[in-house]
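Please read the following report alongside the sequence and the coordinates. It deals with confidence, overall composition, the nonpolar core, one sheet and one helix.

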Amino acid sequence: MLALVLVISLTISGCATGVRGIAQGWAGGTVSGDTAFVGSMEGKIVALAVSDGSMLGEPIKLEAQATSSGFGCLPTGSAAVAVYGSPVFQEGLVYVGGYDGKVRAFLFEQGRLRQEPRWISRQGDIGGNIIGGLVVTREMVYFGASDGKVYALDAVDGHKLWDYPSEGKFWSTPAVSGDTIFIGGFDRKLYAINAADGSEKWVFETEGTIVSTPVVSGGTVYVGSFDRHVYAVDATSGEQVWRYPASEEEVNTPIGWFWATPVVHNGEVYAPNLDGRVYVLDAASGRRISDFDLGAPISSAPVLVNDLLIVATTSTNRSKQRGEIFSLNTASRQQKLLQDLGESVHAPLFTDGSTVYVHTMKDSLFAIDTQTGASRKFALTAETGE
Amino acid sequence: MINVLIVLSDYLFNSFGITIIVLTVVVRGLMFPLTRRQLKASKGMQELQPKLAEIRKKYARDRQRRAKEEMALMKQSGVSPAGCLLPMVIQMPVWIALYQSIIRVLAATPEEFLNLSRHLYDSWPQVFSLVPLGSKFLWLDLATPDTMLLMPILVGGSMWVQQKMMTPQTADPAQQAQSRMMLWMMPLMFAFFTLQFPSGLALYWVASNIISIVMQYFISGWGGLATMFKGGQREAAQKTTKRPPPAAAERTAKDAGDADIVESRPSLEEGAEDGKGGDQRQDRGRGYSDSFGTAKRQSRRDKGRRPKRR
C-alpha cells in the first residue's frame, strides 16, 4: 500500500510522466555586421562572430529566478531567466526582454558585450512575463506582456513612457509601421495603437487567440489566428479586407493554428501553419494560390533570403527529434530539404542576407548556406558546438 | 479527454472550473460500480478484523496455519484483499488521464501550448478557437497555485476525512500504527503538492474527495469517523452525568440492589449477639433475620434498576 502511494505521488509530481512543463525559452537572434546576438536557453546573451562562430566576450547571464522543485522532481537545470523574444541591436545597444518581466539593454562596444547592463526596466513598471519580442526604434522600445498590456519604454534609459491595457495576454511581437503599433492578443483581438502616446486607434476582432506577429505591407496588416484563419485588415481603418478561408466549404482548409509569423513577398502571403503546410495566398484578394506540404508542424517564424523562403519544421517521432530546414522557391514553387538538424526548432530564424541561422531547443546555433544547404554548428554553451 | 474538457467548457458558461467539477462527477459516476465494489470489500475486511485478530492471536507462532485460517475465513465470508485493491488499480488510469488532461488544458507556457496543439482533434474544429480557456474561477486562477492557501487546506482536509472513514478499526498495534500513518501522510502530502500545482488540479482533487466521502457514507456509513464522534459523545456523557456517590447514612431500602449486603451484616451480628448457635449461622440464610430475606427479595425486585442518586 505504501509503495502504491509512492508511485501515485511520483506520478502526480510529474517525475514519471513529465507532463508539467516549465518555461525554457526559444529566443532567436539578430545579426549586425559580422556579429550575431543570440539569447541562449541558459538565459544568456551571447555575441558571436559569424565568420567562425567564436564568442565575443563572456556571455551575459540574465538575473536568475527561483523555481519550484516539487521534491526536486521537476527539471531545475535552468535557473536562469527564460528568453523567448530575440535580442534587438540598435545604435550600440543590445535589448532583450526576459520571462521575468524585465527589459535589459547592454552596451556592445569594441567588439565586446559589457557585462553590466546600461539599464534595466524598473521594478513595478512591467507586470507579467515577456514572451514576444521587442521592437526598437530610435527613441522607444515596444512590447507586449502577459499582464495584458502593451508597453513603451524610453530606449535611452528604460523608463516607462506609457502602457496600453487590454483584457488578454500578449505573446506576440508587435509590428510598427509609421506611427502605429499593431499587436494581437489572447482576447482574439488585433490592436492598432498610437506609437507616440499609447492611445487606441482601432480594434479588430477575430475568432481565435493571436500569437503570431502581424505583418504590414502596402497599407494592409496580415495576421494568422488560432481560429485557423489568416486575416487581411486595412491598416488605417481596421476594416477587414479579406479572410482565408473565406468559407468553411472550401476544401483542404488549414487544420492547425497559425502560430508562426507570415511573410509577404511579391504580392503573395506565405502563411505557415502547425498542420505542416505553408499556405500561399494572393495578398490582394486572399485567394489561395498554392501550398507547400512540409509534413511537420511549423512554429518557427520563417525568413526570406532573395526569392527563397527558409522554413523550419519540428517533429518528434518515437523519441527521435527532427528539425528539418526547407528552402521554398517562391518563383518556381519548388521545395528542397536543406538539412535535418535532428533537434527541435521553435525559435524564429534569422539571416544576414545570405546565411540563415537556426537556434535549436538543444541550444545549438546552426549557420546554413541557403544555396548549398551546408551547415556549421556554433557553440552557445561549453557543451554544444563542433 | 482533453477535447471533451474543452468542448464541455464551451457549454458550461465558458467556466473551466465548473467543467472540472462536472467532468469529475461524470467520471466518478461512471466508475461507481467499481468504487462500490471496492468500498464493500473494504467494509467486509473491516468487519472481519476482530476474527482475524483472534486467528493471529491463536496462531501467533504458526505462520502457515495462521495464513491458512485467514484465507479460509475470508473465503467463507466472501471477502478478498484484492477486492479492495483491484478496483482502485483499474480506476487509476482513468484518474491519471483526467489529471493529465486538466494539466494539459491549463497550458501556461508557450511550450505547453504547442504540446496541447498536438492533442486537439482535427475533426472537432471548434476546439481550436476555444483554447485557451478562461482560467478564472471564484478566487482562483486555475492555471497557477492558489495564493490564498485555501485549496491546500481543502484538499488536505477532505482527504483526511475520506481516509478516516476508510480506516479500519483494528486491535493490532502494527496495523494501528500503519493506519495512523496513512491517515496523516496522504493528506499532508497532497496538501503540499497543492502548493505547487495549478489550482485547477486542486479543484479536481477536492471535488473527487467530496464525491468519495458521499459514496462511502451511503455504502459503508461514517466508518472511522463515527467512532471518533461516538468516542467524543461518550466522553461528553460521562462528564455531564458523573455525580459523587451518596453517603452510606443516606441510603434507603430502595437502594437494596447495592446495600442488601450491608444490611445483612448487622443481622448476622445480631444473630450472634442473640446467642444463637453456630449451626444456625451456617444455615445458609434461613437462620438469618428477616431483614436479610427482605433485602434479598428487594434486590431481586430491583434487579436491573439503577439505584436512585441524590
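## Confidence and numbering

Over residues 15–19 of chain A, pLDDT (the predictor's confidence in each residue, from 0 to 100) stays under 50, and the model has ten contacts beyond four places in sequence for this stretch, where a contact joins two residues whose C-beta atoms, placed from the backbone, lie within 7 Å. In residues 67–78 of chain A pLDDT likewise stays under 50, with 22 contacts beyond four places in sequence. Chain A nevertheless averages a pLDDT of 89, and 89% of its residues score at least 70. The model is predicted, so local features need pLDDT of at least 70 and side-chain atom pairs count only at pLDDT 80 or more, whereas totals for chains, interfaces and linings use all residues. Residues are numbered from 1 along each chain as its sequence is written, while chains are lettered from A and ligands numbered from 1 in the order in which they are written.

## Composition of the chains

Helices (H or I, at least four residues) and strands (E, at least two) are DSSP runs numbered from the N terminus; a residue is buried if 20 or more other C-beta atoms lie within 10 Å of its own, exposed if 12 or fewer, and partly exposed in between, with C-beta atoms placed from the backbone.

| Chain | Secondary structure | Buried residues |
|---|---|---|
| A | one helix and 33 strands | 49% of 386 residues |
| B | 14 helices and two strands | 28% of 310 residues |

Among contacts in chain A between residues at least 6 apart in sequence, 44% join residues at least 24 apart; for chain B, the share of contacts with a separation of 6 or more that is due to residues 24 or more positions apart is 76%.

## Core, sheet and helix

The largest nonpolar core (buried Ala, Val, Leu, Ile, Met, Phe, Trp, Tyr and Cys residues joined through C-beta atoms within 7 Å) has 150 residues, of which A:V94, A:Y95, A:V278 and A:V358 touch the most other members. Leaving aside residues up to four places away in sequence, A:V358 touches A:A312, A:I325, A:L341, A:V345, A:L349, A:F366 and A:I368.

In chain A, four strands form an open antiparallel sheet in the order 22-23-24-25, pairing being assigned if DSSP finds at least two bridges between two strands. Strand 22 (263–265) and strand 25 (288–293) of chain A stand at the edges with a single partner strand each, so one side of each has no neighbour in the sheet. Strand 23 (residues 268–272) and strand 24 (residues 277–282) of chain A pair in the antiparallel sense over five bridges, and A:V269 stands opposite A:L281 in strand 24 of chain A.

Of the 15 residues of helix 4 of chain B, the number buried is zero, so this helix lies largely in the open.
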